[in-house]
Amino acid sequence: MIGQRATLPHRPARRNVSQVMGQVLIALLPAIAVHAWLFGWGIFIQLALAIGFALSFEAVMLQLRQRPVGVYLKDLSAVVAAVLFALSIPPLAPWWVSGVGMFFAIIIAKQLYGGIGHNLFNPAMVGFAAVIIAFPLALTQWVIPRTLAQTVPDWNTTWVAILQGPQALGGTMDAISQATPLDQLRTGRLDGQTLSEIGIDPMFGLFGASGWEWLALAYLIGGLYLIGQRIITWHVPLAVLLGTIVITLPGWLMDPDLFRSPLQQLAAGSLVMCAFFIATDPVSGSSTPKGKIIFSIGVVVLTLVIRAWGGFPDGVAFAVLLMNMFVPLIDRYTVPRIFGHPKHKRDETRSVR
Amino acid sequence: MSVSVHGFFGGMPLADHKAMAMQRPTQSIPVPEALYLPLKGHRHQPLDLHQITDHLAVSVGQQLAAGQTLTRGMGDAHPRLHAPVAGTFLGIVSRPALKDMGHDVPCLHIQTDRTQAPKKLPDDYPPNTPLPEITPDELMDHLQRMGIVGLGGAQFPTSEKMRQASGGIDTVILNGVECEPYIACDEALMRHRPGTIVLGGRLLAKALGAKRLIVAVEDPLKDSHGSVSDGFLACIQPHPLDPALDIEFIEVPSIYPQGAERQLIKTLTNQEVPFDGLPKDIGVICLNVATAASVADAVIENTPLTHRLVSITGPGIQNPCNVYAPIGTPVTDLIHQAGGFNCPESEIDLIIGGPVSGHTVSDQRSPIDKGSLCILALTRADRPNSVGSMPCINCGFCVSVCPAQLLPQTLFKLASQGAHEKAHQMGMMDCIECGLCAEVCPSHLPLLDWYRHSKDQLRALDMDQRRQALAKERFEARNRRLEQRQAEREARRQARRARLEANSSAQSEIEAAIARARQKKEGES
Ligand code: SF4
Ligand code: SF4
């Protein structure tokens with residue numbers, strides 16, 4: 001049987017899982033660099049924390065599930081989830097945010113579902129959704145980017161804030177942090193201001209979010225690298241980016257006071273990151289080429305809906321998780337036409353000969 | 001008219017490594033001590049022993065002349081075999097099968113006469129060789145007698161292929177696109193015998209009434225060593241003997257699996273052969289170049305198919321080369337001819353076929369058959385790192401290379417769960433077993449192994465269903481017969497009763513008449 005005949009492939013595949021994940025990590029380097037430049041040391045501590053938690057949880061769970069720990073730790077998938085998570089939380093978030101986030105990401109979303117390849121939900125987004133619900137306040141306190149503050153928190157401040165929590169800093173915390181542009185937009189809108197009134201604030205910078213637009217650019221560069229390396233195909237990113245523009249453009253053209261510009265939608269939140277690094281997550285995404293596009297459009301629509309009417313400033317995480325639930329359904333109705341088969345009819349009486 | 005070259009979905013360029021086997025001249029092999037001609041036809045149809053003995057044309061201990069017919073009349077699934085060389089027929093023995101690891105195959109055992117000279121690859125026919133007069137039916141019968149089968153691997157009888165296709169063939173395609181890396185037996189043939197190939201193609205085209213003959217080869221062959229095309233171009237000048245035939249020589253991009261029949265047809269005609277049909281449904285028939293050459297030999301020289309070119313190659317082989325070998329030669333003899341292995345045998349991964357879709361050879365005593373293209377020896381260094389496989393991460397690499405436009409990861413999940421029926425609905429039987437999905441899978445999943453297993457299961461299931469359907473049909477027929485008999489009996493009874501009743505009513509009428517007469521008489525008296 002298979003065990004006996006397991007002789008194929010006879011040649012090494014061009015890549016193994018670790019190499020694929022390694023490429024994703026390389027593609028995230030520009031974003032990490034820009035993040036550090038904008039917000040200071042925080043990201044490095046967050047990365048260390050998240051990766052540390054992720055690997056420890058993973059190791060413990062693998063041990064409990066009696067899987068070869070070394071093999072599965074080396075696949076780097078936990079590290080990728082940790083890095084995406086660390087990039088999504090505020091740089092000065094206290095350490096337990098990472099702890100709780102990784103607990104949900106690795107233990108609940110990944111290992112309890114059967115480990116790599118079996119998770120229904122995107123682990124990083126499960127982690128992020130968990131902490132945004134558990135620590136709503138801590139998750140809105142972003143460091144003022146260098147583009148506005150001309151400086152970033154020094155090593156000491158960062159260290160103390162992360163290890164002891166923001167209270168330890170007292171008033172300093174308020175001085176160095178502010179809401180994210182998306183958050184600001186949301187509260188401004190709730191106060192009845194028009195977008196052009198809110199938009200005067202320098203925090204909205206060139207394209208709608210000072211500093212953040214550089215981050216979006218860094219994700220774009222990393223994402224293009226992934227496409228160049230053929231780790232991901234262009235379908236999902238293009239569907240997300242183009243989808244955002246197509247959906248938001250008409251409203252903005254009609255009434256820029258009421259609707260945000262497409263560029264702001266892209267630059268201010270995590271949609272670009274989502275386009276290249278989150279919606280492209282293979283395991284929790286659709287298997288079929290058409291399904292991937294439907295999945296991406298769904299993520300965009302839900303994100304925009306949550307941004308406009310929901311209770312959270314950025315909706316990417318929830319949008320992705322919601323769409324994850326639809327994947328089996330999407331897959332079922334987007335099976336591609338097989339070579340030599342007629343275009344529409346799915347023939348049930350296939351011959352075995 | 002010239003053909004434009006289209007493409008097919010998926011596929012991947014692979015490093016070809018063909019030069020390895022091409023670096024030495026084509027050689028013939030000293031007559032092996034014994035030959036074992038596998039009795040296994042097209043599509044692994046098993047044969048039982050008495051079925052074989054019934055159809056043997058020779059008896060045990062009989063002296064054989066080279067080319068003598070060994071089997072006959074076993075139906076198209078089991079084409080005829082002929083003695084490749086002179087020798088003695090020793091009977092039927094079991095040998096390890098080349099492809100199905102751990103299985104045996106019955107073989108005709110021939111003790112050869114080792115004093116004879118080995119057969120060499122025949123010379124090419126001059127391009128202007130006239131076509132012999134032969135009717136299509138004669139040709140098909142002759143090819144069947146000569147044991148001609150598809151030499152690209154499938155071993156489907158050429159006569160049967162022609163019969164299925166006759167009527168409505170517009171184009172004959174000769175497939176010179178070598179499927180996989182390392183395999184170079186067709187390239188060797190095309191360099192040595194282009195005229196023979198074209199001649200075979202013309203014979204086929206004429207018999208099938210085709211208007212076009214296309215010879216397709218891969219484009220890198222153009223510049224590897226000199227050119228394959230030059231040889232062909234010399235043979236395809238408009239030919240006075242069949243001026244109506246349009247002969248073309250086409251170079252197609254070398255994207256694996258370009259040599260797969262349906263993919264090649266798509267590339268050349270931009271049409272897909274329907275999944276439940278044959279190439280003839282779109283007016284095309286496609287044959288391997290080696291098959292065409294063997295057709296020419298069979299018709300012009302009356303030579304049965306007894307030898308073929310095999311590539312003995314790979315990084316583990318001392319002197320890689322193409323060998324012209326008798327069918328039934330054990331793998332050991334072939335490897336010996338190529339100088340043996342260049343590293344300890346434990347380091348060798350021996351494969352029949354190419355590196356992507358080939359099968360592991362577990363026993364070197366296995367004999368080659370008419371569909372054996374290549375014996376490939378990879379070394380440990382070429383093997384996938386022995387990490388084993390990881391779970392599928394749904395990366396979709398397999399989807400983007402699958403030429404059958406399937407979802408290999410879904411098929412894999414269904415097959416490994418044993419859900420073969422569902423896999424069937426997702427197109428399992430449409431998988432052409434090219435092996436590309438496994439080649440790119442970062443989780444190193446033995447995808448192709450699973451598909452072959454699943455297809456075996458489905459075929460078995462299908463066989464069962466057929467058997468059951470047959471049994472059911474027999475049962476129902478018997479019931480129908482019984483019912484009919486019952487009905488007939490009933491009808492007869494009815495008829496008898498009716499007759500009796502009729503009789504009895506006639507009787508009573510008579511009696512009544514008598515009675516009436518009697519009354520009358522009594523009244524009168
Ligand atoms: S290439 Fe392998 S890991 Fe990737 S989707 Fe296909 S089967 Fe899964
Ligand atoms: S082996 Fe089958 S499933 Fe895999 S790529 Fe080839 S045709 Fe597709």
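A disulfide is a pair of cysteine sulfur atoms within 2.5 Å. The model used in these exercises is predicted.

**Exercise 1. Cysteines of chain B**

Find out how many disulfides the structure holds, and why B:Cys321 is not in one.

Solution.
1. Start with the total. Over all chains, the structure holds zero disulfides.
2. Take B:Cys185. Its nearest cysteine sulfur belongs to B:Cys374 and is 7.2 Å away, and B:Cys185 is in no disulfide.
3. Check the accessibility. B:Cys185 has 1% relative accessibility, so this residue counts as buried.
4. Take B:Cys321. The closest cysteine sulfur is again in B:Cys374; the distance is 11 Å, so the pair is too far apart for a bond.
5. Check the accessibility here too. B:Cys321 counts as buried because its relative accessibility is 0%.

**Exercise 2. A charged residue in a strand**

Locate B:Arg95, then look for a salt bridge and list its contacts.

Solution.
1. Place the residue. B:Arg95 is part of strand S4 of chain B, residues 87-96.
2. Apply the cut-off. A salt bridge needs a side-chain nitrogen of Lys or Arg within 4 Å of a carboxyl oxygen of Asp or Glu.
3. Compare. For B:Arg95, the nearest side chain of opposite charge is B:Asp363, 7.0 Å away. B:Arg95 is buried yet has no salt bridge.
4. List the neighbours. Leaving out residues up to four places away in sequence, B:Arg95 touches B:Tyr36, B:His103, B:Asp104, B:Val105, B:Cys107, B:Arg365 and B:Pro367.

**Exercise 3. Two ligand shells**

Work out how the shells around ligand 1 and ligand 2 divide by residue type.

Solution.
1. Go to ligand 1. Its surroundings include B:Cys392, B:Cys395, B:Cys398 and B:Cys441. B:Asn394 and B:Gln409 are also among them.
2. Sort that shell. Eight residues are nonpolar, four are polar and none is charged.
3. Go to ligand 2. Among the residues around it are B:Cys402, B:Cys431, B:Cys434 and B:Cys437. B:Glu433 and B:Tyr451 also belong to this shell.
4. Sort again. The shell of ligand 2 has nine nonpolar residues, one polar and one charged.

**Exercise 4. Packing of a helix in chain A**

Name buried residues of helix H6 of chain A and what covers them.

Solution.
1. Helix H6 spans residues 95-111. Its buried residues include A:Val97, A:Met102, A:Ile106, A:Ile107 and A:Lys110.
2. Find the cover. It includes three helices of chain A: H3 (42-64), H5 (77-88) and H7 (123-134).

**Exercise 5. Chain B as a whole**

Summarise the secondary structure, burial and contacts of chain B.

Solution.
1. Chain B has 15 helices and 14 strands.
2. Of its 525 residues, 54% count as buried.
3. Take contacts between residues at least 6 apart in sequence. In chain B, 74% of these join residues at least 24 apart.

Terms used: Residues numbered from 1 in each chain as written. Chains lettered and ligands numbered in written order. Predicted model: local features only at pLDDT ≥ 70, side-chain atom pairs only at ≥ 80, totals over all residues. Heavy atoms only, no water. Buried < 20%, exposed > 50% of the residue type's maximum accessible area, 1.4 Å probe, protein only. Helix = DSSP H or I, 4+ residues; strand = E, 2+ residues; numbered from the N terminus. Lys, Arg positive; Asp, Glu negative; His and termini not counted. Contact = heavy atoms within 4.5 Å. Near = heavy atom within 4 Å. Nonpolar A, V, L, I, M, F, W, Y, C, P; charged D, E, K, R; others polar.
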